[in-house]
Amino acid sequence: MNSNSLILEAKKAMEKAYAPYSKFKVGAAVLLEDGTIIHGANIENSSYGLSNCAERSALFSTISQGFDTKKIKGIAIIGDTKDAISPCGACRQVIRELVPKNAVIYLCNLDGKVIETNIDELLPFSFDLFEDSK
Ligand code: THU
């Protein structure tokens, strides 16, 4: 699957958002080695702090559906932003834990802007209990 197809999947996921408070829909699509795609959308709550971002929804769904996160090749994230969307700090830490370091991360907007990056760029000097503890 090429990056354009994955980004299109993220756009489809965006339509599933539950964002009645911010009205800001975000979509994410996880790509596995065998071509499986898992959608995620942001899901908000009237207790605002309980809201869940699209990329975390996609990753939690990947695990919940029984897939192995080690098989993740890429993830695309899209929103209606001026520039390519930028994931929040919490999502960067979750990506760091659940997505292989060599996975490609596409940050996108609806105007066709795409930044191809990876977790080391998004979260340098990150914390990993498995790697960092003595
Ligand atoms: N949001 C995401 O889902 N992903 C991002 O990368 C940025 C922010 C959501 C959280 C909240 O539901 C809405 O966008 C506004 O912040």
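What radius of gyration would a compact globule with 134 residues have, and what value does the chain have? In this predicted model, the chain has a radius of gyration of 14 Å, and this agrees with the compact globule because a globule with 134 residues would have a value near 14 Å. Along the principal axes, the C-alpha atoms fill a box of roughly 45 × 35 × 30 Å.

The secondary structure consists of 5 helices and 5 strands. Followed along the sequence, these elements give the pattern α-β-β-α-β-α-β-β-α-α. Contacts can be considered next. Among those in the chain with a separation of 6 or more, 61% join residues that lie 24 or more positions apart.

The division between interior and surface can be described in two ways. Of the 134 residues in the chain, 45% are buried, a term that here requires under 20% relative accessible area. The area that the chain exposes is about 7600 Å², and carbon and sulfur atoms supply 53% of it.

Empty space is a further aspect of the model. Rolling a probe the size of a water molecule over the atoms shows where such space is left. The largest pocket has a volume of about 190 Å³. Its lining comprises 15 residues, of which F24, V26, N42, C53 and A54 are the closest to the pocket centre. Sorted by class, the lining of the largest pocket contains 7 nonpolar, 5 polar and 3 charged residues. Helix α2, which spans residues 54-64, gives the most to this lining, with 3 residues.

Note on methods:
Residues are numbered from 1 along each chain as its sequence is written. This is a predicted model: local features need pLDDT of at least 70, side-chain atom pairs count only at pLDDT 80 or more; totals for chains, interfaces and linings use all residues. Side-chain values use heavy atoms; hydrogens and water are left out. On a 1 Å grid over the protein atoms alone, a cavity is a set of points where a 1.4 Å probe fits but cannot get out, and a pocket is an open set with protein on both sides within 12 Å along at least five of seven lines; lining residues have an atom within 4 Å of a point. Grid points are joined across faces, edges and corners, and a volume is the space filled by probe spheres set on the points. Helices (H or I, at least four residues) and strands (E, at least two) are DSSP runs, numbered from the N terminus. Ala, Val, Leu, Ile, Met, Phe, Trp, Tyr, Cys and Pro count as nonpolar, Asp, Glu, Lys and Arg as charged, and the others, Gly among them, as polar. The radius of gyration is taken over C-alpha atoms; the globule rule is 2.2 Å times the number of residues to the power 0.38. Buried means under 20% relative accessible area, exposed over 50%, partly exposed in between (1.4 Å probe, protein chains only). Contact means heavy atoms within 4.5 Å. Accessible areas come from the Shrake-Rupley method with a 1.4 Å probe; for residues, only the protein chains shown count as cover.
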